[in-house]
Amino acid sequence: MKALGHDDPRRVGPFELVGLLGAGGMGRVYLGRSPRGRAVAVKVLRTDLLTGGDSDVRRRFAREVAAGRAVDSRFTAPVVDADIEAAVPWLATAYVPGLPLADAVARFGALPEPTLICLAAGLAAGIADVHRAGLVHRDLKPSNVLLAVDGPRIIDFGIVRSHGASRLTGTDHTVGTYAFMSPEQFERADVGPESDVFSLGAVLAYAATGHAPFSGDQLPVLWRSITHHEPDLAGTPAALLAIVTRCLAKDPAARPDTAWLRSTLSDLATNAGCRSGQDWLPSPLAHALLEIADRALAADGPGSAADDTTRTARPSKARRAARPVAAEPPTPASPKTPVPGAR
């Protein structure tokens, strides 16, 4: 988290902003606090996107808000509040003290097999819940997967679409991050749930090996690699290799559906000992996440009247609240069941 700059707002809607969590093509995400002290992540659209005719931008943002509210899943961050009619539209979700998978791999390397299996089970359950709501995420990638002490979260529904929706127009024709896009995303925009399954396989391959399964320095080379070449899965654990390979099939009809993935990966997670109470994350990564939680809970917004006692008490409370415990793995019949190894 970075300190607020002179151009950053200090308040959005009812939320006091504490710091900057990140920025992307659509806007900035801040750590905020509700009047009762609840931590939230507040996404604020870039003002330059709202100059002139901003109806398309607002419609896309409205879809993101609607999608976030429609998906009922343990593995996404629920929408707390939003205002799509504001001069600068914003969206607040529950704050998850976590680290993007992309950052975790960059800092700590490829994930060990038990962690990878638990991650796979949680992501499969989350994507299944997205599809259950009649939606396709279309942008599953390492930077849109948060690792938290109580399991993974799928974030950013900015380009989600209803399954069967009409094709998009303009700059939305090709969406997603290229290295993790399905072959059909390079050819058309009206992709189905099978596209998310391909991206799930690519994300798991990245987490297992430390690199994307398809490579290319230029977009045409990457496009040909994804659409015509076999993925580089060297280093993927044997327990997941066949599943990841099926997810990365060129033909969407040859990929498994998320119901099968959810059930199969739940069984794998159980066999891997994720019910036994073991931490699902390796110690260095778990420690980094606890530090993130401590900093977020200890941060005081501008003009905060929090006293020293509150500030010193929060870190230890965060560590107690964030410590993983044993739990049941996700099953097809229960979308709210926790991730293996999580509370």
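Reader: Which residue in E2 is the bridge partner of valine 12?

Author: The model shown here is predicted. A bridge is read by taking a residue in one strand and finding its partner in the strand alongside. In this case valine 12 has phenylalanine 15 of E2 as its bridge partner. Two bridges join E1 to strand E2 (residues 15-23), and the two strands run antiparallel. E1 and E2 form a hairpin with two residues between them. In that turn, glycine 13 has a positive phi of about 55 degrees.

Reader: How many residues join E2 to E3 in their hairpin?

Author: Here the link between the two strands is what to read. The hairpin from E2 to E3 passes through three residues. E2 pairs with strand E3 (residues 27-33) in the antiparallel sense, over six bridges. One point on this pairing is glutamate 16, whose bridge partner in E3 is arginine 33.

Reader: What is the order of the strands in the open sheet of six strands?

Author: A strand order is read across the sheet, from one edge to the other. The order here is E1-E2-E3-E4-E6-E5, with antiparallel pairing. Strand E1 (11-12) and strand E5 (79-83) each have a single partner strand, so one side of each is left without a neighbour in the sheet. At the E5 edge, the partner is strand E6 (residues 90-94), and the two pair in the antiparallel sense over four bridges. Within that pairing, aspartate 83 has tryptophan 90 of E6 as its bridge partner.

Reader: Which strands are the edge strands of the open sheet of three strands?

Author: The order is again the place to begin. That sheet runs E7-E9-E10, with antiparallel pairing. Its edge strands are E7 (99-100) and E10 (151-154), each of which pairs on one side only. Strand E9 (residues 145-148) is joined to E10 by four bridges, and these two strands run antiparallel. Among the residues concerned, leucine 147 has proline 152 of E10 as its bridge partner.

Reader: Turning to the helices, does one read threonine 115 as buried or exposed?

Author: Burial is read from relative accessibility, with values under 20% counted as buried. Threonine 115 has a relative accessibility of 3% and therefore counts as buried. The residue lies in helix H3 (residues 113-132). Apart from neighbours within four places in sequence, threonine 115 is in contact with Trp280, Leu281 and Pro282. Its C-alpha atom is also separated by 9.4 Å from that of alanine 269, although the two residues are 154 residues apart along the chain.

Reader: What percentage of contacts in the chain, between residues at least 6 apart in sequence, join residues at least 24 apart?

Author: Such a figure is read over the chain as a whole. Among those contacts, 61% join residues at least 24 apart. The chain has nine helices and eleven strands. Of its 343 residues, 52% count as buried. The accessible surface of the chain comes to about 15,000 Å², and carbon and sulfur atoms account for 52% of that surface.

Reader: How many cavities of 30 Å³ or more are there?

Author: For a cavity, one reads the count, then the volume, then the lining. The count is one cavity of 30 Å³ or more. About 30 Å³ of space lies in the largest cavity. Ten residues line this cavity, and those closest to its centre are Arg138, Asp139, Leu140, Thr177 and Phe180. By class, the lining of the largest cavity divides into three nonpolar, four polar and three charged residues.

Notes: Residues numbered from 1 in each chain as written. Predicted model: local features only at pLDDT ≥ 70, side-chain atom pairs only at ≥ 80, totals over all residues. Heavy atoms only, no water. Pairing = 2+ DSSP bridges. 1 Å grid on protein atoms, 1.4 Å probe; cavity = no way out; pocket = protein on both sides within 12 Å on 5 of 7 lines; lining within 4 Å. Points joined across faces, edges and corners; volume = space filled by probe spheres on them. Nonpolar A, V, L, I, M, F, W, Y, C, P; charged D, E, K, R; others polar. Buried < 20%, exposed > 50% of the residue type's maximum accessible area, 1.4 Å probe, protein only. Contact = heavy atoms within 4.5 Å. Areas by Shrake-Rupley, 256 points an atom, 1.4 Å probe, with all protein chains shown as cover.
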